[in-house]
Amino acid sequence: MTTRSRGREQQQSSRSKSARNKLDGSGERLPSEGYGKRKKTKLDGISRRVSSERSSKKGKSRQDWLEKKAKKINRGEEEDDGSCSSAVSSPLREPYMPDGTELSKPIDSAISDKYRDMQEEYYAKIARQMKMPTLFPHTPPNCLVNDPTLLHIREPARKVVLCAAQFVVGLSSSIDGEPLAWCSGFWMDLDSEKRTGTVVTTAHLICTKWASPDAWLCKDEYASDVKVTVHLRGGAVAKGCLLYHQKHYNLAFFRVKMDPSIQLPSYSDKVECAQDIFELGRDESAKLVIHHGRVEYSNPNIYERYHHMRIQGSHRDREYDNGGPVIDLDGKVVGMIDSCPEGSFIPSSVLLKCFHLWRNFGRIRRPHLGLKFSAISLLNPVQVEDILIEHKINEGLIVEEVSAGSPAERCGIRVGDVVECFDGKCVSTSVELENMLLSIVVNSGDGLNSDLDVEIQVYFPRRYLRRIKILTVNISEDGEFVARELV
């Protein structure tokens, strides 16, 4: 090798070594302000190689820089130049005493202090690490994990639930700092220009007095000045401003500042008995709540509004999913939980008409018949056979209660009579009837007066007769009051 070649090689080696000294362990260049050659220091207190004053200052400066950089990485911040750091986190190692340390003898205070500091830092890192969603083990149980009867639909259900979770929110309310209620809800529309969206939920969120389990007595009281907080996915929160609440359907609408990338639900207005459904909500940590059920072959109980459909399953507390969406196996919303412990929901066929009326007219009105019903088709088949043999009918709505002093009572309608047709159309379930009542208002463009004449066909089993009756009913956005007169 010639002298000239040997010189070039030494020069390149010197440059490479200099460059390496300016890079940290991740391959990133350190600040250009000089860092002297670091000198090793043992922690055993026996021998120490002390750096020069200048080297010590430079080492301290370098350490400060590294600490600032580590804090940025821990916070997920980007570098000042806008580029994201490529450094990986260092392996997590539990600290230990230096080799040869005899624990039975007094330990140098510098060593014990350093060891204690390193232990505190180690356990702090463990605590931060366990907050990562990839490691957090304490997720609440749910039916998709714990119910073996759902194994045959678990994978498709998992996908639709995760997709639907994008429009599910939690809501909490308080008055004068005192907690009032926790419910769930879902996005129903958005305004991209104003960066706001509308959340729908149950009016239980703003109910200040629940005086009776009988919804038909209309004794519940509501407050419009409650403070409402909307709990979004990922733990973010936003203020909810009450826009409107409807007492009969127990609906409440809130305006919320939102991310324009939110997903809105799609709906199915067809839901059938025995259909698999999932109830979704969010708990107080904004974690997703998932429950499975099937639509039940049954009528609402005597205390519920007759537009409700029942959910088959054991009684349970529906504190968190009350107001949340009910979805089918296609991920479409088929209703909203409006719950008693037995479980019930408002079907989407009714919800969509309510949404239409509120969007277009700012209110939701409906005709009040002053009657409670149960559907013959949802009764025990043994009872249905008895009705068929005796009266030759197997469909229609049996009158369960007649409101005292109502137009229906004045027309001679009594408990046990059967409503077969409404405005010339056969009716077999109370949900069908509710949709007919709302359609009258939808088709009129909300231009109706407070009173309306409706035609119903009634079968009177006491006399084995059918008659057409004209009822003059009230159209109102208040809750319908039905109470039998006490004698």
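The legends below describe close-up views of a pocket, a helix pair and a cavity in a predicted model. Residues are numbered from 1 along each chain as its sequence is written, and side-chain values use heavy atoms, with hydrogens and water left out. Because the model is predicted, local features need pLDDT of at least 70 and side-chain atom pairs count only at pLDDT 80 or more, whereas totals for chains, interfaces and linings use all residues.

**View A. Lining of the second largest pocket.** The second largest pocket has a volume of about 760 Å³, where a pocket is an open set of points on a 1 Å grid over the protein atoms alone, at which a 1.4 Å probe fits, with protein on both sides within 12 Å along at least five of seven lines. Volume is the space filled by probe spheres set on the points, which are joined across faces, edges and corners. Of its 24 lining residues (those with an atom within 4 Å of a point), Thr139, Pro140, Leu162, Lys287 and Leu288 lie nearest the centre. Two or more residues each come from α4 (143–146), α5 (154–164) and β10 (288–295), helices being DSSP runs of H or I with at least four residues and strands runs of E with at least two, numbered from the N terminus. The largest share, four residues, is given by α5.

**View B. Packing of α6 with α9.** The axes of α6 (residues 348–361) and α9 (residues 430–444), lines fitted to C-alpha atoms over the stretch in contact, come within 10 Å and cross at roughly 15 degrees, with angles running from 0 to 180 degrees between N-to-C directions. The two helices are therefore roughly parallel, a term for angles under 35 degrees. Contact, meaning heavy atoms within 4.5 Å, joins residues including Val350 and Leu357 in α6 to residues including Leu438 and Val442 in α9.

**View C. The largest cavity.** A cavity is a set of points where the probe fits but cannot get out, and one of 30 Å³ or more is counted. Leu369, Leu371, Phe373, Val419, Phe422, Leu433, Ile456 and Leu471 line the largest cavity, and β16 (371–375) and β18 (418–422) each supply at least two of these residues.

Methods: Parallel < 35°, antiparallel > 145°, perpendicular 65-115°, else oblique.
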